Amino acid sequence: MPRVVVLDYGFGNIRSAERALQRVGADVEVTADHRAALDADGLVVPGVGAFAACMAGLDAIKGGRLIGQRLAGGRPVLGICVGMQILFERGIEHGVRTEGCGEWPGTVERLEAPVVPHMGWNTVRAPEGTKLFAGLDADTRYYFVHSYGVRKWELDSSSGTIKAPLVTWAEHGGDEFVAAVENGPLWATQFHPEKSGDAGAQLLENWLKSFA
């Protein structure tokens, strides 16, 4: 039974994530304790609300450093919703720029769609070779609720010296945005697997299988 910590920094569907992970066989602890988070087999970084507020909460517990320490040791981390967004370099909300964790280059910005927020069920376009979406059909729908996203993938992997991340895309109102990323030990989803029913459970199980 893999041990998973859901990072409690004041923002996120903590209990929903806890129950969803327990459903697929994880031993889950909700905590902000660094030692527990470092020692766990997997770390989940949830997030809801504003980018700046989530970063303030993460900074208060030195969560960015914690994420970096885990990744430096090849230890799995899963970001969810704003927990994915804060992994990028920056977020811009109402003209205010906030620095993110900087694990990936890129900007979180307001979606350019006729109707915002993007709320409800949507399909995604997963790349070939994905492990996160293994066993899930292309017409499977996942639950989104957000007004901001990463509309341009900026990591240059053209050198070929490292394995390029697998980037999954989604579309809302004609605007495309990053729906998920698989990058070594760092995976993330813009949608909420813990609110996506059986499909979300399969996805979380795929994450656990990647390191269990």
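This is a walk through the cysteines, one helix and the aromatic rings of a predicted model. Residue numbers start from 1 along each chain as its sequence is written, and side-chain values rest on heavy atoms, with hydrogens and water left out. Because the model is predicted, local features need pLDDT of at least 70 and side-chain atom pairs count only at pLDDT 80 or more, while totals for chains, interfaces and linings use all residues.

Let's start with the cysteines. How many disulfides does a search of the whole structure find? It comes back with zero, taking a disulfide to be a pair of cysteine sulfur atoms within 2.5 Å. For Cys54, the closest cysteine sulfur belongs to Cys81 and sits 8.4 Å away, which is too far for a bond. Cys101 is in no disulfide either: the nearest cysteine sulfur is that of Cys54, 11 Å off. As for their surroundings, Cys54 is buried at 0% relative accessible area, whereas Cys101, at 21%, is partly exposed. (Buried is under 20% relative accessible area, exposed is over 50%, and partly exposed is in between, using a 1.4 Å probe and protein chains only.)

Now to helix H6, residues 197-209. Helices here are DSSP runs of H or I with at least four residues, strands are runs of E with at least two, and both are numbered from the N terminus. With 13 residues, H6 should span 18 Å, and its end C-alpha atoms are indeed 18 Å apart; the expected span is 1.5 Å times one less than the number of residues. Buried residues in H6 include Ala199, Leu203, Leu204 and Trp207. What do the buried residues of H6 pack against? Their partners are helix H1 (14-23) and strands S1 (3-7), S3 (42-45), S4 (77-80), S9 (142-146) and S13 (186-189), with contact meaning heavy atoms within 4.5 Å.

On to the rings: the whole structure holds eleven aromatic pairs. Rings of Phe, Tyr and Trp (its six-membered ring) pair if their centres lie within 6.5 Å, and planes under 30 degrees apart count as stacked, over 60 as edge-to-face and the rest as tilted. One of the pairs is Phe144 with Phe177, edge-to-face at 5.7 Å centre to centre and 85 degrees between the planes. Phe144 is in strand S9 and Phe177 in strand S12 (residues 175-183), so this pair ties together parts 33 residues apart in sequence. Phe144 is buried at 0%, and Phe177 is buried at 0% too. Trp207 pairs with Phe211, with centres 4.9 Å apart and planes at 75 degrees, so that one is edge-to-face. Finally, Phe144 and Phe177 join Phe133, Tyr142 and Phe191 in one aromatic cluster.
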